[in-house]
Amino acid sequence: MTEMKILPVERAIEWIRAWAELDWPITWETAYTTRDKLGWTPNPHDPELFATELTVGDRGGYITSYHETVGGAAIPLTSFNALGEHDDTWVANVWTAFELYAKTLTELYGNGKQTGDRTGVVQTDWVLPTGVTISLIGSSEGIDADIDSPAITSIDQRELAYIEEYGEDYVND
């Protein structure tokens, strides 16, 4: 069985805050400097991909782009095993960590908006006053944090407004 790792709460919050509290929009230089300061190892073939102490195989984190600018970062907070090599203890530990991460983020940023349930994927989103979105995403496979720039947050909010007004099947031209 693959060793499964869960990041301690303090370290997870440090990683999330390092990205969420940047002065957005950020340059690629700032993104790479932030990645490096956190001790993450860039992929030698694609610097937008990185490995952390939790990386198993080639599933690490990545920096997202939007129209040639930095769109955000996807950060694994646990190791991840797509083969499902986990047991009830692993699943219980993942959900305990998810709750602790969410509680700490709520203390920092107020209530988030949660969707989904533990039979699949649970996601809690915090939209900060700066327009940055923090998404905490958990399943029995593991936990990730996605940080979206204000530009991406704005696009997501417009899409939700269209869905609310026109329904799930609206035509996006």
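This passage describes the fold, helix 2, the loop conformations and the internal spaces of a predicted model.

The chain contains four helices and eight strands. Read from the N terminus, these elements follow the order α-α-β-β-β-β-α-β-β-β-β-α. Along the principal axes, the C-alpha atoms occupy a box of roughly 45 × 40 × 30 Å. The radius of gyration of the chain is 16 Å, in agreement with the value near 16 Å that a compact globule of 173 residues would have. Buried residues account for 37% of the 173 residues. When contacts between residues at least 6 apart in sequence are considered, 54% of them join residues at least 24 apart. A separation in sequence and in space can be given for one pair: E14 and I75 are 61 residues apart in sequence, and their C-alpha atoms lie 12 Å apart. Of this pair, E14 belongs to helix 1. Its relative accessibility is 40%, so E14 is classed as partly exposed, the range for that class lying between the limits of 20% and 50%.

Helix 2 was examined for the distribution of its buried and exposed residues. This helix spans residues 28-37, and A31, T34 and R35 are buried within it. These three residues cover an arc of only 100° around the axis and therefore fall on the same side of helix 2. The spacing is in keeping with helical geometry, since an α-helix has 3.6 residues a turn and residues three or four places apart consequently point the same way. On the other side of helix 2, E29 and K37 are exposed. The cover over the buried residues includes helix 1 (9-20) together with strand 1 (41-42), strand 2 (49-51), strand 3 (61-66) and strand 4 (69-76).

Within this buried set, T34 of helix 2 has a relative accessible area of 9% and is therefore buried, the limit for that class being under 20%. Apart from neighbours within four places in sequence, T34 makes contact with A18, W19 and L22. Just after the end of helix 2, G39 adopts a positive phi of about 80°.

Several backbone features occur in the loops. The peptide bond leading from W24 to P25 is cis, its omega being near 0°. P25 is located in the loop between helix 1 and helix 2. In the loop between strand 3 and strand 4, H67 and E68 both call for comment. H67 is not a glycine, yet has a positive phi of about 50°. E68, likewise not a glycine, has a positive phi of about 70°. As to accessibility, H67 has a relative accessible area of 64% and is therefore exposed. The corresponding value for E68 is 75%, and this residue is exposed as well.

The internal and surface spaces of the model were then considered. Rolling a probe the size of a water molecule over the atoms shows where empty space is left. The largest pocket has a volume of about 380 Å³. It is lined by 14 residues, of which Q123, D125, T133, D156 and L160 are the closest to its centre. At least two lining residues come from each of strand 5 (113-116), strand 6 (122-127), strand 7 (133-139), strand 8 (142-148) and helix 4 (150-166). The greatest contribution to this lining is that of helix 4, with five residues. By residue class, the lining of the largest pocket comprises two nonpolar, six polar and six charged residues.

Enclosed space was also assessed. The count of cavities of 30 Å³ or more is one. The largest cavity has a volume of about 30 Å³. Its lining is formed by L54, T55, V56, R59, P76, T78, S79 and F80. Four of the residues in the lining of the largest cavity are nonpolar, three are polar and one is charged.

Technical notes
Residues numbered from 1 in each chain as written. Predicted model: local features only at pLDDT ≥ 70, side-chain atom pairs only at ≥ 80, totals over all residues. Heavy atoms only, no water. Buried < 20%, exposed > 50% of the residue type's maximum accessible area, 1.4 Å probe, protein only. Arc of directions from axis to C-beta. Contact = heavy atoms within 4.5 Å. 1 Å grid on protein atoms, 1.4 Å probe; cavity = no way out; pocket = protein on both sides within 12 Å on 5 of 7 lines; lining within 4 Å. Points joined across faces, edges and corners; volume = space filled by probe spheres on them. Nonpolar A, V, L, I, M, F, W, Y, C, P; charged D, E, K, R; others polar. Rg over C-alpha atoms; globule rule 2.2 N^0.38 Å.
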